[in-house]
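Trainee: Please choose one part of this model and go through it slowly. I would like to see how its pieces sit together before I look at anything else.

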Amino acid sequence: ASQTSFDCSNVGPNSVTLSVTDNNGNVSTCTTTVTVQDNIAPTAICQPVTAYLDASGNTSIVAADIDGGSTDNCGIDSITASVTSFDCSNVGPNSVTLTVTDNNGNVSTCSTTVTVVDTIAPVVICHNITVALDSSGQAAFTAIQVDNGSTDNCNNGPLTYSVDTAVYFHVGSYPVTLTVTDANGNSSDCQSTVTVID
């Protein structure tokens, strides 16, 4: 035969000529088609990844981020991920499927975890306030009164507000630290002045 061994480069129809020679040197030939098939699916290998939210509360991955070294006997044509974009609603573990397609259309999948993390603290904005002593001789206020429109990259939960001191008993101006914490445990603080009047 004109060809007796085949590899991935021969996938598909191959024309092969068979030559037969008898004991007296007479030769006869015929041509046939040998169709080479690749029926072996790729080996899909996943790896977990951590994705960090940006200041807009978004993050993304590409399929290569979760590919842990997938292989195929005849080469990989494409690797895709079932989910590539994440936002604040995805904080925590997310199941993502990796699909590996080889050069001959065979497909394999694996699943992994993309852990979305919010590490961006709120943007804290303070303003000064004035409070009056009441009839019992104390001036009380809430932390939210010192806040002047603090924001966070994630709106997937409420911001919590706290101050180091919220009650005063004497007229004067006092420095106050406002701490704002987001739903994912990130916090920032700013300084304000509380003026107590009688």
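Mentor: Start with strand E7 (residues 92-102) and E8, which run antiparallel and are joined by 10 bridges. Keep in mind that this is a predicted model. To place the pairing in the sequence, find Pro 93, which stands opposite Thr 115 in E8. E8 itself covers residues 107-117, and it pairs with E3 in the parallel sense over 4 bridges. Thr 115 in E8 also has Thr 50 standing opposite.

These strands belong to an open sheet of 4 strands, in the order E3-E8-E7-E5, with mixed pairing. Which strands stand at the edges? They are E3 and E5; each has a single partner strand, so one side of each is left without a neighbour in the sheet. From one strand to the next, the twist averages 30°.

Now look along the edge strand E3 (residues 49-52), where the side chains alternate. Val 49 and Ala 51 point to one face and are buried. Thr 50 and Tyr 52 point to the other face and are not buried.

Tyr 52 leads on to Thr 59, whose side chain reaches the backbone oxygen of Tyr 52 at 3.0 Å. Thr 59 is found in strand E4 (residues 58-60). Is Thr 59 buried or exposed? Its relative accessible area is 14%, so it is buried, because the cut-off for buried is under 20%. If neighbours within four places in sequence are left aside, the contacts of Thr 59 include Ala 51, Tyr 52 and Leu 53. Further along the chain, Thr 59 also touches Thr 84, Ser 85, Phe 86 and Val 116.

The next thing to follow is how E8 is linked to another part of the chain. A disulfide is a covalent bond between the sulfur atoms of two cysteines. Cys 46 and Cys 110 form one, with their sulfur atoms 2.0 Å apart. The torsion about their S-S bond is about 90°, so this disulfide is right-handed. Cys 46 lies in the loop between strand E2 (27-36) and E3, while Cys 110 lies in strand E8, so the pair ties together parts that are 64 residues apart in sequence. Cys 110 is buried, with a relative accessible area of 14%. Cys 46 is partly exposed, and its relative accessible area is 22%.

A second link involves a loop next to E5. Cys 8 is joined to Cys 74 by a disulfide, S to S 1.9 Å. The angle about the S-S bond is -80°, and the link of Cys 8 and Cys 74 is left-handed. Cys 8 lies in the segment before strand E1 (12-21), and Cys 74 lies in the loop between helix H1 (63-66) and strand E5 (76-81), so parts that are 66 residues apart in sequence are tied together. Cys 74 counts as buried at 15% relative accessibility, whereas Cys 8 is partly exposed at 34%.

How many disulfides does the structure hold? There are 4. With the bonded cysteines of the chain numbered in sequence order, the pairing is 1-3, 2-5, 4-7, 6-8. One of the disulfides joins Cys 126 to Cys 190, S to S 1.8 Å. With 80° about the S-S bond, this link is right-handed. Cys 126 is in the loop between E8 and E9, and Cys 190 is in strand E14, so to trace this pair you go to parts of the chain 64 residues apart. Both Cys 126 and Cys 190 are buried.

E14 brings us to another open sheet, formed by 4 strands in the order E9-E14-E13-E11, again with mixed pairing. Strand E9 (129-132) and strand E11 (160-163) stand at the edges, each with a single partner strand, so one side of each is left without a neighbour in the sheet. The twist here averages 35° from one strand to the next. Strand E13 (residues 172-181) and strand E14 (residues 187-197) pair in the antiparallel sense over 10 bridges. For a landmark in that pairing, use Tyr 174, which stands opposite Val 194 in E14.

When you go back over the part we began with, trace E7 and E8 along their antiparallel pairing, then move to the parallel pairing of E8 with E3. From E8, Cys 110 takes you to Cys 46 through their disulfide.

Technical notes. Residues numbered from 1 in each chain as written. Predicted model: local features only at pLDDT ≥ 70, side-chain atom pairs only at ≥ 80, totals over all residues. Heavy atoms only, no water. Helix = DSSP H or I, 4+ residues; strand = E, 2+ residues; numbered from the N terminus. Buried < 20%, exposed > 50% of the residue type's maximum accessible area, 1.4 Å probe, protein only. Polar contact = N/O pair within 3.5 Å; in protein donor to acceptor, adjacent residues only side chain to side chain. Contact = heavy atoms within 4.5 Å. Pairing = 2+ DSSP bridges. Axes fitted to C-alpha atoms, helices over the stretch in contact; angles between N-to-C directions. Disulfide = S-S within 2.5 Å.
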